[in-house]
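Reader: Before we discuss terms, could you put the model in front of us and then explain what stands behind each label?

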Amino acid sequence: MHVPDGFFEAPVTVGAAVTSVAVVSYAARRSRDELSDAAAPMAGLMSAFVFAVQMLNFPVAAGTSGHLMGATLAAVLLGPWTATLCISVVLAMQALLFADGGLTALGINIVLMAIVPGFVGAAVFSLLGRCGRATNRGRAARAGVAALVSVPASAAVFAFLFAWGGAVELSLAPLLSAMVSVHVLIGIGEGVITATTVAAVLAARPDLMRAGARRALA
Amino acid sequence: MGANHASLGFDGAGSLLVDVAPAVKVATAVAVVASVALVPADAPWVLVFHGVVVLVGLRTAQVSLRSIGRRARIVAPFVVGAALLPFLASGERVDIVGLSVSRPGLAAAIVVIGKVLVGFTAGAALVMTTEPVDIVRGLQQLRVPRTFTTIAGLMLRFADVLRGESSRMQIARIARGDDPRSIAQVRATARTAGVLFVRGYERGERVHQSMIARGWSGAMPDTSKRSVPIEDWFRVGSWGAVAVFITAFGWMTVG
């Protein structure tokens, strides 16, 4: 899923870089409110956890493999702004430490794997929160569904961006359907991991969740 | 933990690059990778120059090309994806050894694969010859915002906590009779991800408390006060300048 260098034309690359610099610097300001002193280890741990989780590749249909993104999990537990900041750090460090994802494609990767899934996940989670039950099981299930939706949503954004300014001319419809259908499968894995992690946090440390969930709803 | 404390990708024993100031290595890698990525699509031959410069540079610095090759499986999905482009892309068709492929698709595939491989090689050389903590220090020296380097530093510290916790949990599972080869392992891994998170958080909390006890004030202390030796900029940074020049030359011939 990490886009390497040279995969997109310059206008998309520059546009995504400008967008992500703007969003991430605003997120850095917003997260100062979200991050109390006690939440600082949470941000560091969340980054490390997402970093670890993204290294788990699992096979998807037709010989391709996918990995988890963790954006919805971070958004549900930390709030979308801090989540954006944490995952941007993860993506930058992956590019610098493992050469995973291109350095010039960092803006695109931040848009696709931090901003879009984080905010889509947080929005779905809070929308479902209005109609669902406020039990622990209900919250974990809502986080899982939000994660499931967030992955194909970001795949769809990739397809639109690639059809608009990818390195190669591809027609949108087949690309969109291929990307979205593969990523629904990845999204199922993402949803299961997100729901079980949220359930474990609710069972053991509900204090962490309450703070994060309130922010996600705000 | 222990011997490989926070040395996620370090594998540069014997390379001359190990002793170069991290700020110079980070800046050079960014310059080379960005230059390669910005090669004009109409002048793919420029990539050959970049490839030669990167290979000669790594040879001079005695970086093991074999280790870089082993790491290259990270980019394999994209190389395979790009190799499919000639078959999927639209436009004029040409016949190559009996296969009908798209001419623009083929040209794009060559450029994309070339850029991915050359860019990856330059990035991998940085990763292999620089400890992760030093990369964060290099970013500090290059005046990257504090918020960013602080989260990155904490992330590296907690990555180690998580790795320790997860190996302890795996040993515990095996001790209780779990068979790591069975398919049930997938389910166990999925279920323990949540537990790993909580356990990691609770250890992370203790790490954080001891950091506060030692005077943590909300940001990583800047331990990169040592100035960057100017000869490092000449010895290593100049390779980055060459890469920038090659791409600029490529754009001049196109435009």
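Author: This is a predicted model, and a good place to begin is the second largest cavity, where helix 2 (40-53) and helix 7 of chain A each supply at least two residues of the lining.

Reader: What makes the second largest cavity a cavity rather than a pocket?

Author: The term is used because a 1.4 Å probe fits at its points but cannot get out, whereas a pocket is an open set. The second largest cavity has a volume of about 60 Å³, and two cavities of 30 Å³ or more are counted in the model.

Reader: Which residues line the second largest cavity, and how do they divide by character?

Author: The lining consists of A:F49, A:V50, A:V53, A:L68, A:M69, A:G70, A:L73, A:E190, A:I193 and A:T194, and these divide into seven nonpolar, two polar and one charged. Gly counts among the polar residues, so A:G70 is placed there.

Reader: Why is A:L185 called partly exposed?

Author: Its relative accessible area is 40%; buried means under 20% and exposed over 50%, so a value in between is called partly exposed.

Reader: What makes A:L185 eligible for a nonpolar patch?

Author: A patch residue needs over 30% relative accessible area and no salt bridge, and A:L185, at 40%, belongs to a surface patch with A:L148, A:V184, A:I188 and A:V192, which have about 370 Å² of accessible area together. Helix 7 (residues 172-204) of chain A gives the largest share of this nonpolar patch, four residues, and A:L185 lies in that helix.

Methods. Residues are numbered from 1 along each chain as its sequence is written. Chains are lettered from A and ligands numbered from 1 in the order in which they are written. This is a predicted model: local features need pLDDT of at least 70, side-chain atom pairs count only at pLDDT 80 or more; totals for chains, interfaces and linings use all residues. Side-chain values use heavy atoms; hydrogens and water are left out. Patches are made of residues with over 30% relative accessible area and no salt bridge: like charges are joined within 9 Å, nonpolar side chains (Val, Leu, Ile, Met, Phe, Trp, Tyr) within 5 Å. Accessible areas come from the Shrake-Rupley method with a 1.4 Å probe; for residues, only the protein chains shown count as cover. A salt bridge is a side-chain nitrogen of Lys or Arg within 4 Å of a carboxyl oxygen of Asp or Glu. Buried means under 20% relative accessible area, exposed over 50%, partly exposed in between (1.4 Å probe, protein chains only). On a 1 Å grid over the protein atoms alone, a cavity is a set of points where a 1.4 Å probe fits but cannot get out, and a pocket is an open set with protein on both sides within 12 Å along at least five of seven lines; lining residues have an atom within 4 Å of a point. Grid points are joined across faces, edges and corners, and a volume is the space filled by probe spheres set on the points.
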